[in-house]
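Me: Could you take a close look at one part of this model for me? I'd like a connected walk through it, starting at the surface and working inward.

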Amino acid sequence: MAKKKQPRDADKAAAEYYELKTDAVDSLINANVTNAPEVSEKELKKYRRKSILNLPEGLKYFLVKAWFAGVICWFFVIGLGSLGLSALDMIAILGIVTGLVWDLPVNIFIRMKAEEKEYGRWMMFPKTGVAAGAMNALYGIVLIFLVVETYALGNRILFHTGSETALSVEPILYGLFTAGWDWVLLRFRKLGNSILADAKKSAAGQK
C-alpha cells in the first residue's frame, strides 16, 4: 500500500495563507449599531471625499465669517447709508445684525463642520438659546466698533502720509476686518482661559 504523501512546506504555507478567518467574517456579518466599535470623526474623515479646496479648519471658518460680514455690509451699510443715521445708530444696528448672524447661520455651520465636535474654540459664545443670542448681539456691537475704529485709524495713517485715497467701506475689506477682529478676540479668550487654568492648578497645588 502506497504511503500517503506528506504536504510540503510550500503547500502548508499556501493553505495557511488562504485559510478563512472565520472570526473576522462572523464579526463583519453580525456588526450593527450596538456592537460596532466607535470610530473617531478624525478617522472617518480620512475615508470621506475631500473637496477641491481642502482648507485648514480655522481658515475655512474665517472665510465664512468674512463672507457673511461682507453680505451684511452690502445690505445694511450700503443700504442704510442714504438714511442719514448717526454713527452710533449704525454701529448698534450692524452689531446686532452681525451678532445674530454669528449666532445662527455661522455657528450652525461650524457645529456641522467642526472636527471632533470641538467647535467651542471657533465661537465666542458656543452655547445655544436666547441668552447666547443676546450675548452674541453684544459681541457683534463690540466687533463693529473695532471695525469702525480700524477704518478711522487706517484713514488717519493714509492722510498723515499724504495719501488722498481713503479706505472706503466695501464688502471685501469690511468682511476681512470683521473676521479679523473676531479671530483676535478668540485668541485673547483662549489666552485668558489658559492663564486662568494655570492659576487654578497653581492654587490647587499650594493647598
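**From a leucine patch to a buried asparagine**

Reply: Let's start outside: L55, L59 and L63 make a nonpolar surface patch of about 220 Å². Keep in mind that this is a predicted model. L55 sits in the loop between α3 (41-45) and α4 (57-80). Its relative accessibility is 30%, so L55 counts as partly exposed, a class that runs from 20% to 50%.

Now for the inside. N136 is found in helix α6, and with a relative accessible area of 2% it counts as buried, because the cut-off for that is under 20%. Leaving out residues up to four places away in sequence, N136 touches G99, D103, N107 and F125.

The helix that carries N136 is worth a look too. Helix α6 covers residues 130-160, 31 in total, and reaches 45 Å from its first C-alpha to its last, close to the 45 Å expected at 1.5 Å a residue. After α6 comes G162, and its phi is positive, near 90 degrees.

Then there's α5. This helix takes in residues 87-113, 27 of them, and from first C-alpha to last it reaches 36 Å, close to the 39 Å expected at 1.5 Å a residue. Even so, α5 isn't straight throughout: there's a kink of about 40 degrees at W102, shortly before the proline P105. As for the contacts of N136, they include G99, D103 and N107, and those numbers fall within the 87-113 range of α5.

Terms used: Residues are numbered from 1 along each chain as its sequence is written. This is a predicted model: local features need pLDDT of at least 70, side-chain atom pairs count only at pLDDT 80 or more; totals for chains, interfaces and linings use all residues. Side-chain values use heavy atoms; hydrogens and water are left out. Helices (H or I, at least four residues) and strands (E, at least two) are DSSP runs, numbered from the N terminus. The expected span of a helix is 1.5 Å times one less than its number of residues. The bend at a residue is the angle between axes fitted to the seven residues ending there and the seven starting there. Buried means under 20% relative accessible area, exposed over 50%, partly exposed in between (1.4 Å probe, protein chains only). Contact means heavy atoms within 4.5 Å. Patches are made of residues with over 30% relative accessible area and no salt bridge: like charges are joined within 9 Å, nonpolar side chains (Val, Leu, Ile, Met, Phe, Trp, Tyr) within 5 Å. Accessible areas come from the Shrake-Rupley method with a 1.4 Å probe; for residues, only the protein chains shown count as cover. A salt bridge is a side-chain nitrogen of Lys or Arg within 4 Å of a carboxyl oxygen of Asp or Glu.
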